[in-house]
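Okay, thanks for coming, everyone. Let me put the thing up on the screen, and then I'll talk you through it.

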Amino acid sequence: MLVVFGENIKVRKRILQLIDSLTDDEFNGTPSCGGWSPKQIVEHLALMECRVATDIAKELKNPDSIRVFKKPISVSASPLLKSDLLEFTRPSDRYLSISEIKEQLHESRNFLLDIYESSTVEELRAKSFKHPVFGNVPLIQWFRLVGFHERRHLKQLKRAVELIKMDSGKFYQSTK
């Protein structure tokens with residue numbers, strides 16, 4: 001399991017450390033130059049992980065799911081690879097505390113782990129579902145893809161935190 005989740009665990013730890021350096025207002029604040037707030041970035045990650053787990057669980061039950069070759073998913077960590085934002089992973093403008101978002105992250109990770117632990121590697125290799133850039137990706141690769149996706153957004157999160165800290169308390173706009 002560590003091979004599949006090793007990178008995911010490291011990246012998630014860095015995300016949690018980074019958001020722990022913020023107040024709830026900073027976490028929800030939008031940088032003055034625009035873009036997502038740190039909260040929106042992290043909420044997007046939780047929504048994405050939950051959606052991937054849901055899609056894997058659904059596909060495991062699909063007798064018509066196809067076996068495909070592995071895809072070069074590591075490139076998904078690059079900000080140069082662009083993909084349209086899927087509606088079900090769009091973060092809200094709702095104010096959330098850091099502890100609330102941590103709970104969402106915890107729940108989404110546990111959901112993904114439960115799906116992995118209740119499946120066999122052969123089942124996960126034998127089935128796939130569609131990625132917007134790579135086409136059909138074997139289910140086994142989706143677990144690592146979550147980590148690559150988080151690594152990609154970690155860079156965005158670091159930048160948003162830097163901007164929020166630079167803007168100082170009076171200049172950022174809270175979504176409260």
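I'll go through the strands, the aromatic rings, one serine, the salt bridges and a methionine.

Before anything else, please keep in mind that this is a predicted model.

Let's start with the strands. Look for E2, which covers residues 128-131, and E3, which covers residues 135-138. These two run antiparallel, and four bridges join them. If you want one pairing to find by eye, take Ser 128: its bridge partner in E3 is Pro 138. And how many residues sit between E2 and E3 in the hairpin? Three residues, so you can follow the chain out of one strand and into the other on screen.

Okay, on to the rings. There are four aromatic pairs in the structure, and I'll show you two of them. Take Phe 5 and Phe 143 to begin with: the ring centres are 5.7 Å apart, and because the planes sit at 65 degrees, over the 60 that edge-to-face calls for, we call this pair edge-to-face. What I like here is the separation along the chain. Phe 5 is in helix H1, residues 2-19, while Phe 143 is in helix H6, residues 139-171, so this pair links parts of the chain that are 138 residues apart. Are these two buried or exposed? Both Phe 5 and Phe 143 are buried.

Now stay on Phe 143, because Tyr 116 pairs with that ring too: the centres are 5.0 Å apart and the planes are at 80 degrees, so this is another edge-to-face pair. Tyr 116 belongs to helix H4, residues 98-117, and Phe 143 to H6, so here the pair ties together parts 27 residues apart in sequence. Tyr 116 is buried, just like Phe 143. Put the three together, and Phe 5, Tyr 116 and Phe 143 make one aromatic cluster.

Next, a serine. Find Ser 97, in the loop between helix H3, residues 38-60, and H4. Why does Ser 97 count as buried? Because its relative accessibility is 13%, and the cut-off for buried is under 20%. The side chain of Ser 97 makes a polar contact of 3.0 Å with the side chain of Ser 99. And if you ignore neighbours within four places in sequence, Ser 97 touches Asp 24 and Phe 27.

Right, salt bridges. The structure has 12 of them, and I've picked out a few.

The one I'd show you to begin with is Asp 20 with Lys 102, where the side chains meet at 2.6 Å, N to O. Asp 20 is in the loop between H1 and helix H2, residues 24-28, and Lys 102 is in helix H4, so this bridge ties together parts 82 residues apart in sequence. As for how open they are, Asp 20 comes out as partly exposed, at 47% relative accessibility, and Lys 102 is also partly exposed, at 29%.

Then swing over to helix H3. Asp 55 and Arg 51 form a salt bridge there, at 3.2 Å, N to O. They're four residues apart in H3, so about one helical turn separates them. Asp 55 is buried, with a relative accessible area of 15%, whereas Arg 51, at 31%, counts as partly exposed. And don't leave Arg 51 just yet: it also lies over the face of Phe 88, at 3.7 Å from the ring centre.

Over in helix H6 we've got Arg 159 and Glu 162, with their closest N and O atoms 3.3 Å apart in a salt bridge. Again that's about one turn of the helix, since these two are three residues apart. Both ends are partly exposed: Arg 159 has a relative accessible area of 46%, and Glu 162 has 43%. Elsewhere, salt bridges that share partners join Arg 12, Glu 49, Arg 109 and Glu 150 into one network.

Last stop, and we're still in H6: Met 166. Why do we call Met 166 exposed? Its relative accessibility is 61%, and the bar for exposed is over 50%. Met 166 is 134 residues away from Ser 32 in sequence, yet the two are 9.6 Å apart in space, C-alpha to C-alpha.

That's the tour, so shout if you'd like to go back to any part of it.

Methods: Residues are numbered from 1 along each chain as its sequence is written. This is a predicted model: local features need pLDDT of at least 70, side-chain atom pairs count only at pLDDT 80 or more; totals for chains, interfaces and linings use all residues. Side-chain values use heavy atoms; hydrogens and water are left out. Two strands pair if DSSP finds at least two bridges between them. Rings of Phe, Tyr and Trp (its six-membered ring) pair if their centres lie within 6.5 Å; planes under 30 degrees apart count as stacked, over 60 as edge-to-face and the rest as tilted. Buried means under 20% relative accessible area, exposed over 50%, partly exposed in between (1.4 Å probe, protein chains only). A charge sits over a ring if NZ of Lys or CZ of Arg is within 6 Å of the ring centre and within 35 degrees of the ring normal. A polar contact is a pair of N or O atoms within 3.5 Å; within protein, one must be able to donate a hydrogen and the other to accept it, and residues adjacent in sequence count only if both atoms are side-chain atoms. Contact means heavy atoms within 4.5 Å. A salt bridge is a side-chain nitrogen of Lys or Arg within 4 Å of a carboxyl oxygen of Asp or Glu.
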